[in-house]
Amino acid sequence: EYKSYLRMSSVKMLGVTLVLNLCLPMVISSVSLTNWRWEGATRLKRVAVGGGGIWGVDDHDNIFKRENNWIVISGKLKDISVGRSEIWGVNAHDNIYKRSLTSGWSQVPGKLKQISVSN
């Protein structure tokens, strides 16, 4: 018999609270937003938050980092993930890239469709 375990997590960033009810393994069953505010004209298809900051990619695979405003970072990625000290991503050709907070992108051997990191 398959059993799922329910875990509730909440994250607050820039006045936005995300409440996630997760059925393991990692199925999001609901998301609610409170105190939502518009943060400019950048529309992102992926947003990643971690110790390395707030990063995102748009529909054209452009990369953005949130500082005082959204700034454009060189390169193109379809998916992005942020750890404590590194940012990882995957491009349209499924190539894997990583960078530290102080260096540029370097390719990592292998291919992926999506990526998720935690460090």
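Q: Buried means under 20% relative accessible area, exposed over 50%, and partly exposed in between (1.4 Å probe, protein chains only); what percentage of the chain counts as buried?
A: Of the 119 residues, 31% count as buried. This is a predicted model, where local features need pLDDT of at least 70 and side-chain atom pairs count only at pLDDT 80 or more, while totals for chains, interfaces and linings use all residues. Residues are numbered from 1 along each chain as its sequence is written, and side-chain values use heavy atoms, leaving out hydrogens and water.

Q: What makes up the secondary structure of the chain?
A: There are zero helices and 11 strands. Both come from DSSP runs numbered from the N terminus: H or I with at least four residues for a helix, E with at least two for a strand. Read from the N terminus, the order of elements is β-β-β-β-β-β-β-β-β-β-β.

Q: How do you know that β4 and β5 pair?
A: Two strands pair if DSSP finds at least two bridges between them. Strand β4 (residues 44-50) and β5 have six bridges and run antiparallel, so the cut-off is met. Among the bridge partners are V47 with G56 and L44 with D58. A hairpin through two residues joins β4 to β5.

Q: Why are β4 and β7 said to stand at the edges?
A: The open sheet has four strands in the order β4-β5-β6-β7, with antiparallel pairing. Because β4 and β7 each have a single partner strand, one side of each is left without a neighbour in the sheet. The twist averages 25° from one strand to the next.

Q: Why is K76 called partly exposed?
A: K76 has 47% relative accessibility, which falls between the two cut-offs, so partly exposed is the right label. K76 is found in strand β7 (residues 70-76), which is an edge strand of the sheet.

Q: How do you know which residues K76 touches?
A: Contact means heavy atoms within 4.5 Å. Not counting residues up to four places away in sequence, K76 touches H60, D61, N62, I63 and N91. One of these, N91, is 15 residues from K76 along the chain, with 6.2 Å between the C-alpha atoms.

Q: What makes the approach of K76 to the side chain of N62 a polar contact?
A: A polar contact is a pair of N or O atoms within 3.5 Å; within protein, one must be able to donate a hydrogen and the other to accept it, and residues adjacent in sequence count only if both atoms are side-chain atoms. The side chains of K76 and N62 make such a contact at 2.8 Å. A polar atom of the K76 side chain also lies 3.3 Å from the backbone oxygen of H60.

Q: Why is D61 called buried?
A: The relative accessible area of D61 is 14%, so this residue falls under the buried cut-off. D61 is found in the loop between β5 and β6 (62-66). Leaving aside neighbours within four places in sequence, the contacts of D61 are K45, G75, K76, L77, K78 and A92. With K45 there is a side-chain polar contact of 2.7 Å.

Q: What makes the phi of D61 worth a look?
A: Most residues other than glycine have a negative phi. D61 has a positive phi of about 65° although it is not a glycine. D94 has a positive phi too, of about 70°. D94 is found in the loop between β9 (86-90) and β10 (95-100), and D94 counts as buried because its relative accessible area is 14%.

Q: What makes up the largest nonpolar core?
A: A nonpolar core is a set of buried Ala, Val, Leu, Ile, Met, Phe, Trp, Tyr and Cys residues joined through side-chain atoms within 4.5 Å. The largest has 10 residues: A48, W55, V57, I63, I73, L77, I80, V82, I87 and Y97. The elements giving two or more residues to this core are β5 (53-58) and β8 (79-82). W88, V90, I96 and I115 are among the five residues of a second, separate core.

Methods: Axes fitted to C-alpha atoms, helices over the stretch in contact; angles between N-to-C directions.
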